[in-house]
Amino acid sequence: MGRRLRRRPPADHAQRAEWMRKHPFEWLEVSTYPATYTAHSIALAIKSGRQVSIARFYGPAGAFETRTTTTEDGTTVHARFIGEAVNG
């Protein structure tokens with residue numbers, strides 16, 4: 001039988017987004033997710049600013065970039081604030 005992963009508390013997206021806005025271009029671990037699909041969905045939501053549950057923290061679209069890495073505990077999402085796009 002497979003190893004059971006320890007359940008982590010949910011990510012505090014408001015706190016993480018605020019920290020990243022104060023520290024532009026610095027990578028921050030958002031959270032580690034047991035399911036790769038979930039991690040990739042969260043990373044996409046952060047970049048696009050379109051997932052209802054977290055969009056208010058990471059908008060507007062394109063203000064953050066993300067990367068994911070496979071770890072022993074699952075897939076970790078890192079993000080950083082790169083600035084808000086300026087429309088011409």
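## Getting to know this model

At 16% relative accessibility, Thr66 counts as buried, and that residue makes a handy way into this predicted model. Thr66 belongs to strand 2, which covers residues 64-71. From there we can wander out to the sheet, the helices lying across it, the nonpolar core and a few ring contacts.

**Around Thr66**
- Leaving out residues up to four places away in sequence, Thr66 touches Trp27, Ala43, Ile46, Lys47, His78 and Ala79.
- One of those contacts, Ala79, is also the bridge partner of Thr66 in strand 3.
- Thr66 is called buried because its relative accessibility of 16% falls under the 20% cut-off.

**The sheet**
- Three strands make up an open sheet in the order 1-3-2, and the pairing is antiparallel.
- Strand 1 and strand 2 are the edge strands, each pairing on one side only.
- From one strand to the next, the twist averages 25 degrees.
- Eight bridges join strand 2 and strand 3 in the antiparallel sense, and the two strands form a hairpin with two residues between them.
- Along that pairing, Glu65 stands opposite Arg80 of strand 3.
- On the other side, strand 1 and strand 3 pair in the antiparallel sense over five bridges; here Glu29 has His78 in strand 3 as its bridge partner.
- Strand 3 is mostly covered, with seven of its eight residues buried.

**Helices across the sheet**
- Helix 1 lies across strand 1, strand 2 and strand 3, and runs at about 150 degrees to strand 1.
- Helix 2 also lies across strand 1, strand 2 and strand 3, with an angle of about 165 degrees to strand 2.

**The nonpolar core**
- In soluble globular proteins, nonpolar side chains tend to be buried together.
- The largest nonpolar core here has 17 residues, and the members touching the most other members are Met20, Val30, Tyr33, Ile46, Tyr58, Phe64 and Val77.
- At least two core residues come from each of helix 1 (13-22), strand 1 (28-33), helix 2 (36-48), helix 3 (52-58) and strand 3 (74-81).
- Helix 2 gives the largest share of this core, five residues.
- Val30, not counting neighbours within four places in sequence, is in contact with Ala11, His13, Arg16, Ile46, Tyr58, Val77, His78 and Ala79.

**Rings and a charge**
- Searching the whole structure turns up two aromatic pairs.
- Tyr58 and Phe64 form an edge-to-face pair, 5.1 Å centre to centre with 85 degrees between the planes.
- Both of these rings belong to buried residues: Tyr58 has a relative accessible area of 0%, while Phe64 is at 2% relative accessibility.
- Ring pairs also bring in Phe81, linking Tyr58, Phe64 and Phe81 into a cluster.
- Elsewhere, Arg67 has its charged end over the ring of Trp27, 4.1 Å from the ring's centre.

**The loop with Pro60**
- Pro60 is in the loop between helix 3 and strand 2.
- At 38% relative accessibility, Pro60 counts as partly exposed.
- Pro60 and Glu84 are 24 residues apart along the chain, yet their C-alpha atoms are separated by 6.8 Å.

Terms used. Residues numbered from 1 in each chain as written. Predicted model: local features only at pLDDT ≥ 70, side-chain atom pairs only at ≥ 80, totals over all residues. Heavy atoms only, no water. Phe/Tyr/Trp six-rings, centres within 6.5 Å; stacked < 30°, edge-to-face > 60°. Buried < 20%, exposed > 50% of the residue type's maximum accessible area, 1.4 Å probe, protein only. Lys NZ or Arg CZ within 6 Å of the ring centre and 35° of its normal. Helix = DSSP H or I, 4+ residues; strand = E, 2+ residues; numbered from the N terminus. Contact = heavy atoms within 4.5 Å. Core = buried A, V, L, I, M, F, W, Y, C linked by side-chain atoms within 4.5 Å. Pairing = 2+ DSSP bridges. Axes fitted to C-alpha atoms, helices over the stretch in contact; angles between N-to-C directions.
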